[in-house]
Amino acid sequence: MLRYLRLQEQKQLVETRVKTLDAEMQRLKGRIVAKLNISCMAMGEYVTMSESRRFSIKAKEADEAP
């Protein structure tokens, strides 16, 4: 019976540690998502600028064609 009680106590300690680790992982996941979102927004602005430039160059070439 004493062994059972010790194991139950150990289990509670492990469960507490798991909850702590889960909370830390969620916090870090939030930071990762925030960084990725900023990167994605920056990449989207780059693509938009690149596409705009490409179309303006094509339009200029079309105007210069005979």
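This section describes the fold, surface and side-chain pairings of a predicted model.

The secondary structure of the protein chain consists of one helix and zero strands. Helix α1 spans residues 2-64, in a chain of 66 residues. Buried residues account for 0% of the chain. The protein chain exposes about 6,600 Å² of surface, of which 63% is supplied by carbon and sulfur atoms.

A nonpolar surface patch is formed by Met1, Leu2, Tyr4 and Leu5. Together, these four residues present about 520 Å² of accessible area. One of them, leucine 5, lies in helix α1. The relative accessibility of leucine 5 is 41%, so this residue counts as partly exposed, given that the partly exposed class lies between the limits of 20% and 50% relative accessible area.

Charged side chains were examined next. Side chains of opposite charge can pair when their charged atoms come close. Two salt bridges are present in the structure. In one, the side chain of lysine 11 meets that of glutamate 15, with an N to O distance of 3.9 Å, which falls within the 4 Å cut-off for a salt bridge. Because glutamate 15 and lysine 11 are four residues apart in helix α1, about one helical turn separates them. The two partners fall into separate accessibility classes: lysine 11 counts as exposed because its relative accessibility is 51%, whereas glutamate 15, at 38%, counts as partly exposed. The value for lysine 11 is to be read against the exposed class, which begins over 50%.

The other salt bridge joins the side chains of arginine 27 and glutamate 24, at 2.8 Å from N to O. Both residues belong to helix α1 and are three residues apart, about one turn of the helix. The side chains of arginine 27 and glutamate 24 also make a polar contact, at 2.8 Å; the cut-off for such a contact is 3.5 Å. Arginine 27 has a relative accessible area of 43% and is therefore partly exposed. Glutamate 24 is likewise partly exposed, because its relative accessible area is 36%.

In summary, the predicted model comprises one helix and zero strands, with a nonpolar patch that includes Leu5 and two salt bridges. These salt bridges pair lysine 11 with glutamate 15 and arginine 27 with glutamate 24.

Key
Residues numbered from 1 in each chain as written. Predicted model: local features only at pLDDT ≥ 70, side-chain atom pairs only at ≥ 80, totals over all residues. Heavy atoms only, no water. Patch = residues over 30% accessible without salt bridge, like charges linked within 9 Å, V, L, I, M, F, W, Y side chains within 5 Å. Areas by Shrake-Rupley, 256 points an atom, 1.4 Å probe, with all protein chains shown as cover. Helix = DSSP H or I, 4+ residues; strand = E, 2+ residues; numbered from the N terminus. Buried < 20%, exposed > 50% of the residue type's maximum accessible area, 1.4 Å probe, protein only. Polar contact = N/O pair within 3.5 Å; in protein donor to acceptor, adjacent residues only side chain to side chain.
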